[in-house]
Amino acid sequence: MDSKRRCTRNSCERPAVATLTYSYQDSTVVVGPMSIYAEPHTYDLCSEHADRVNPPRGWEVLRLEYSAAPAEEGDDLLALADAVRSPRAHTDAAVPAGSAEESTMPGSAALPTRESRTPLAPPHGDPGIARGHLRLIRE
């Protein structure tokens, strides 16, 4: 699934364009533009579900303007996050170690592997508390 938020209604996979929020103190349902962050007590809705919101009996609906089409975000941070999540096109398994292709790749420096790294030495003095691979060092 990509990084764009989807409608929170069951079995709806359309992109969200509005956020629904309940104000219990004012007995008001607010349907407005997408919130910046997905929060626990808000609901992202597609345009169809946002237009069909029915409040509980005795409540008011406050509809703020929102765009009916999902906004195309050109955010560099989201693009970077998508690039990190996508599988790498070139894996270490695709090029065997020591092959001719490996040595001709531009900027290919021999990266340390788990086996070739030297383990860290424990700190001198009080060893602290160790649990598995974690260690608490006292100051």
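Visitor: Why is R14 called partly exposed, rather than buried or exposed?

Guide: In this predicted model, the relative accessible area of R14 is 36%, and since buried means under 20% and exposed means over 50%, a value of 36% falls in between, so R14 counts as partly exposed.

Visitor: How do you know that R14 forms a salt bridge with E48?

Guide: The closest N and O atoms of R14 and E48 are 3.1 Å apart, and because the cut-off for such a nitrogen and a carboxyl oxygen is 4 Å, the pair qualifies as a salt bridge. R14 belongs to the segment before β1, whereas E48 sits in helix α1 (residues 47–51), so this contact ties together parts that are 34 residues apart in sequence.

Visitor: What makes E48 buried, exposed or partly exposed?

Guide: With a relative accessible area of 38%, E48 is neither under 20% nor over 50%, so the term that applies is partly exposed.

Visitor: What joins R14, E48 and R52 into one network?

Guide: The side chains of R52 and E48 also meet, at 3.7 Å from N to O, which is within the 4 Å cut-off and therefore a salt bridge. Salt bridges that share partners thus link R14, E48 and R52 into one network.

Visitor: How many salt bridges does the structure hold?

Guide: There are 3 salt bridges in the structure, and one of them brings together the side chains of D44 and R5, with an N to O distance of 2.7 Å. D44 is part of strand β3 (residues 42–45) and R5 of the segment before β1 (18–23), so the pair connects parts that lie 39 residues apart in sequence.

Visitor: Why is D44 called buried or exposed?

Guide: The relative accessible area of D44 is 6%, and because this value is under 20%, D44 is classed as buried. D44 is also the bridge partner, in β3, of T19.

Visitor: How do you know that β1 and β3 pair, and in which sense?

Guide: At least two bridges are needed for two strands to pair; β1 and β3 have 4 bridges, so they count as a pair, and its sense is antiparallel.

Visitor: What makes β3 and β4 the edge strands?

Guide: The open sheet consists of 4 strands in the order β3-β1-β2-β4, with mixed pairing, and β3 and β4 (60–63) each pair on one side only. From one strand to the next, the twist averages 20°. The chain as a whole has 3 helices and 6 strands, which run β-β-β-α-β-α-α-β-β from the N terminus on.

Visitor: Which residues make up the largest nonpolar core?

Guide: This core has 11 residues, namely C7, C12, V17, A18, L20, V29, V31, L45, C46, A50 and V53, and the elements that contribute two or more of them are β1 and β2 (28–33). In soluble globular proteins, nonpolar side chains tend to be buried together. Setting aside residues up to four places away in sequence, A18 touches residues that include V31, D44, L45 and A50.

Visitor: Of the 139 residues of the chain, what percentage counts as buried?

Guide: The buried share is 14% of the 139 residues, while the accessible surface of the chain comes to about 11,900 Å², 55% of it belonging to carbon and sulfur atoms.

Key: Residues are numbered from 1 along each chain as its sequence is written. This is a predicted model: local features need pLDDT of at least 70, side-chain atom pairs count only at pLDDT 80 or more; totals for chains, interfaces and linings use all residues. Side-chain values use heavy atoms; hydrogens and water are left out. Buried means under 20% relative accessible area, exposed over 50%, partly exposed in between (1.4 Å probe, protein chains only). Axes are lines fitted to C-alpha atoms, for helices over the stretch in contact, and angles run from 0 to 180 degrees between N-to-C directions. Accessible areas come from the Shrake-Rupley method with a 1.4 Å probe; for residues, only the protein chains shown count as cover. A nonpolar core is a set of buried Ala, Val, Leu, Ile, Met, Phe, Trp, Tyr and Cys residues joined through side-chain atoms within 4.5 Å. Contact means heavy atoms within 4.5 Å.
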